[in-house]
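User: I would like a close look at a single part of this model, followed outward into its surroundings. Please take it step by step.

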Amino acid sequence: MASTKKLVVRDARLESHVPRVVGSQHWTPGRIARIATMLFVAAIFIFPMVGFVAMAFRDADNVAAGSDGFLGLGGMSWDNVMFSWSQVNGFGPGGGGLFTTWIGNSLIVSVGGAVLAVLGAIPAGYALSRLRFRFRRLVLIVTLVTMVIPNTVLVIPLFLEVSAINAVGELWPVVVIMGFYPFGVYLSYIHFMTTMPAELVEAARIDGLGEVAIFLQVATPISKQAVALVAFFAFVANWTNFFLPLALLSSNQQNKTVSIGLQELIGSSPLFNPTVAAGLDVKLYMPQLALATFLSMLPLLALFIGAQRFLMRGQTVGAVKG
Amino acid sequence: MKTRGSRRTTVKTVLVAGVASTMFLLTACSPAGTTGDQEQTDSGGKITVWVDPPRVPAAEAFVTAHPEIETNVVQIDGTVGGKNLQQQFAQFNQAGKGWPDAIFFPSNDDIAWATGAQINYAADLTDDMATVLEGYDPAVNAPCEIDDKIRCLRNDAAPDVFWYNATFFAENGYSVPKTWEEYGDLAVQIAAEHPGKISGFLGDAYAPDRYLWASGCPTNARQSETEVTINLDDPSCVRAKDLINQLVEGNAASTLGIFDADAATAGLELVMSPGAVWWGDYLFNQTWKIPAGTMAGTTPLTWDGESEPSTGNEGGGLWGMSSHITGEQKKNALTFMEFVATDPAWQVELTTGLPGYGPVQDAWIEKQSAANYFAENAATFEAFKEAASYVPGDHAYMLYNTGGIWAETVTPALASGDTFDAGWSAFGDELVNQAKTFGYTVQSE
């Protein structure tokens with residue numbers, strides 16, 4: 001009797017873990033209206049993206065003529081992509097190649113900045129959440145305030161600092177500055193506050209572990225999600241950062257990033273700058289610009305797909321009290 | 001429950017953080033404390049030159065011709081009207097270093113801030129390049145003469161000649177007009193007799209250069225660094241306005257701009273128009289693909305009652321040199337400036353624009369005319385040279401962009417079927433507004 005009761009209770013628990021179907025299962029007017037609205041909103045976002053990707057596969061003359069059918073899907077071909085790539089890759093002095101250089105530089109500063117951000121943010125977040133020290137609260141508030149300061153405001157002071165050490169035009173100051181990532185500290189702080197009970201730290205102390213050992217042996221092994229989150233957000237922020245590379249790297253031809261390089265491509269297109277474009281060997285019309293933009297998005301897409309598992313779990317950081 | 005003491009601590013902490021962040025923001029946002037008056041430095045010889053993408057071959061030709069000079073060539077964003085360049089120079093002034101030793105300005109308007117008291121980048125070339133300056137027609141380099149000093153060198157001259165479709169004129173027995181008034185009348189006549197044929201484009205940012213600058217209309221009459229005369233009621237503006245009105249009402253001009261995608265179709269219907277010398281190769285030949293032997297250029301038009309032709313200017317880039325250098329670095333930068341302005345290796349062999357420097361124009365014409373594209377080939381190239389001296393010199397490049405204002409006011413008015421008068425009125429108001437926004441005192445007399 002007692003075992004039957006246990007089974008019933010276990011079944012009830014199991015049932016409680018089965019996702020419930022939300023909403024009506026019948027095709028009521030309300031349900032149809034909801035689905036139609038959602039499809040409409042989705043279409044608003046999806047159509048431009050499909051058109052944009054298709055543009056990278058089209059021919060400039062057909063684009064100008066408005067042919068190629070719905071969203072230009074009828075004019076897509078690999079030959080067009082190869083031609084557009086020859087134009088994009090041909091941009092730059094001495095036979096071109098600037099675009100690949102920009103992508104390489106973006107990878108260096110984005111990866112470098114993300115690594116530094118993780119190395120700084122995880123211990124900082126841990127310290128703020130689980131250690132007690134003087135001015136801890138002030139540091140936390142300053143971190144929060146720094147998070148909301150717009151990047152553009154910092155560009156001139158940062159330029160002056162980098163200029164003072166004669167490093168304008170070099171990649172490493174950009175990497176170092178990108179490594180300063182207060183949002184990562186905040187994410188890490190929330191992670192340790194919610195997933196690492198204070199009692200665990202106390203127990204480790206009682207067992208004789210020092211503070212550094214507690215961080216390395218107890219906190220770090222359970223930080224995989226926080227590391228993935230901080231690295232992902234830092235990489236995206238670094239890759240799309242425009243003002244910092246513009247201020248610090250514009251004076252060095254070989255060290256520009258793709259975020260400012262794309263603007264140079266647009267500035268050299270006959271569509272936006274006819275007289276300038278007239279003097280160029282390459283012609284950068286819509287398909288070429290779309291291809292360059294699409295290629296510059298690929299690292300972000302790859303990272304997003306690769307880190308999806310951590311991101312899906314990590315988005316609940318802070319949602320549940322530990 | 002918080003105690004009074006802990007609450008006080010929290011309040012104090014927030015206050016300290018708030019004050020600290022406010023101070024930080026104020027410091028970061030404070031305006032430039034320094035102007036362009038900096039100490040001159042000498043690198044010992046190495047120079048850095050900034051060029052937009054089409055001018056990269058000029059810099060590379062210099063590197064080939066002068067291997068003894070260590071030259072760092074940087075390709076910059078060539079966006080016309082971009083504001084990033086000015087921002088970068090403001091940063092260099094703050095830092096007291098970082099300026100390029102020579103630059104090709106992506107926009108001609110850049111010379112206004114580059115010579116202004118705040119940035120003060122462009123060097124006075126009057127004495128240092130006196131010999132080179134002798135080779136320029138004063139009208140060609142007039143935009144570089146600022147407060148009686150030569151602050152830049154013109155790369156290429158872009159005066160307007162009078163273009164006409166020689167085949168169409170011969171087939172229909174029309175005579176090429178000599179005056180602006182004849183041009184207006186004939187344009188309307190042709191539009192009536194040959195519906196669809198057009199005699200000009202009004203929708204691009206160069207349109208005010210083509211018609212208003214050509215008439216001497218004071219839209220950009222610089223009086224000093226902080227004063228400008230803008231008077232669209234001036235008789236020179238009124239006659240240009242009347243001409244454009246005549247073209248619009250007679251359906252004789254396209255409301256498109258020359259760079260619009262649809263202009264390639266409309267361009268095939270063009271029978272005559274004032275237009276820059278670069279229209280010939282870039283627009284007619286390369287972009288609109290008008291067959292060879294069709295178009296011809298001739299002497300610019302004259303306004304009734306005047307003895308000489310008067311014409312506008314569309315583009316024509318400017319080279320500037322740093323005022324922050326001295327010694328061997330300055331000497332090498334001057335060598336670079338002389339090369340890009342005068343050397344046939346760039347000005348004849350590589351560039352497609354009519355050289356601003358007079359002594360190389362004939363060699364450029366000889367090379368370009370070999371293609372034999374124009375109907376009256378020799379006369380067209382002769383008109384190119386001649387036109388440069390007919391450009392009114394009292395038209396300065398300013399901090400505000402007259403062509404951009406035209407494109408924001410007149411172009412949409414015409415495109416929407418509104419009257420030209422409505423667009424003209426908005427154009428005048430916006431010119432004055434933007435001039436004031438940039439700190440100019442606007443005079444109307």
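In which sense, and over how many bridges, do strand 1 of chain B and strand 2 of chain B pair?

Analyst: A word on the basis comes before the strand itself. This is a predicted model, in which local features need pLDDT of at least 70 and side-chain atom pairs count only at pLDDT 80 or more, while totals for chains, interfaces and linings use all residues. Residues are numbered from 1 along each chain as its sequence is written, and chains are lettered from A and ligands numbered from 1 in the order in which they are written.

Strand 1 and strand 2 of chain B pair in the parallel sense over five bridges, where pairing requires that DSSP finds at least two bridges between two strands; strands here are DSSP runs of E with at least two residues, and helices are runs of H or I with at least four, both numbered from the N terminus. Within this pairing, B:Thr48 stands opposite B:Asn72 of strand 2 of chain B. Strand 1 of chain B (residues 47–51) also pairs in the parallel sense with strand 3 of chain B (residues 102–105), over two bridges, and there B:Trp50 has B:Ile103 as its bridge partner.

These strands belong to an open sheet of five strands in chain B, with the order 2-1-3-12-6 and mixed pairing. Strand 2 (71–75) and strand 6 (153–154) of chain B each have a single partner strand and stand at the edges, so one side of each is left without a neighbour in the sheet. Helix 2 of chain B (residues 56–65) packs on this sheet, touching strand 1 and strand 2 of chain B, and its direction makes about 170° with that of strand 2 of chain B; such angles run from 0 to 180 degrees between N-to-C directions, with axes fitted as lines to C-alpha atoms, for helices over the stretch in contact.

As for burial, five of the five residues of strand 1 of chain B are buried, so this strand is largely enclosed by the rest of the structure; a residue is buried if 20 or more other C-beta atoms, placed from the backbone, lie within 10 Å of its own, exposed if 12 or fewer do, and partly exposed in between. In a regular strand the side chains alternate between the two faces of the sheet. Both faces of strand 1 of chain B are covered, with B:Ile47, B:Val49 and B:Val51 buried on one side and B:Thr48 and B:Trp50 buried on the other.

The surroundings lead on to the other chain, since 33 residues of chain B are in contact with 33 residues of chain A, contact meaning that the C-beta atoms of two residues, placed from the backbone, lie within 7 Å. Helix 2 and strand 2 of chain B, together with helix 1 (4–29) and helix 3 (84–95) of chain B, are the elements that give two or more residues to the side of chain B that touches chain A. The largest share of that side, eight residues, comes from helix 1 of chain B. By class, the side of chain B that touches chain A has 16 nonpolar, 13 polar and four charged residues, where Ala, Val, Leu, Ile, Met, Phe, Trp, Tyr, Cys and Pro count as nonpolar, Asp, Glu, Lys and Arg as charged, and the others, Gly among them, as polar.

On the partner's side, chain A has 17 helices and zero strands, and of its 322 residues 35% count as buried.
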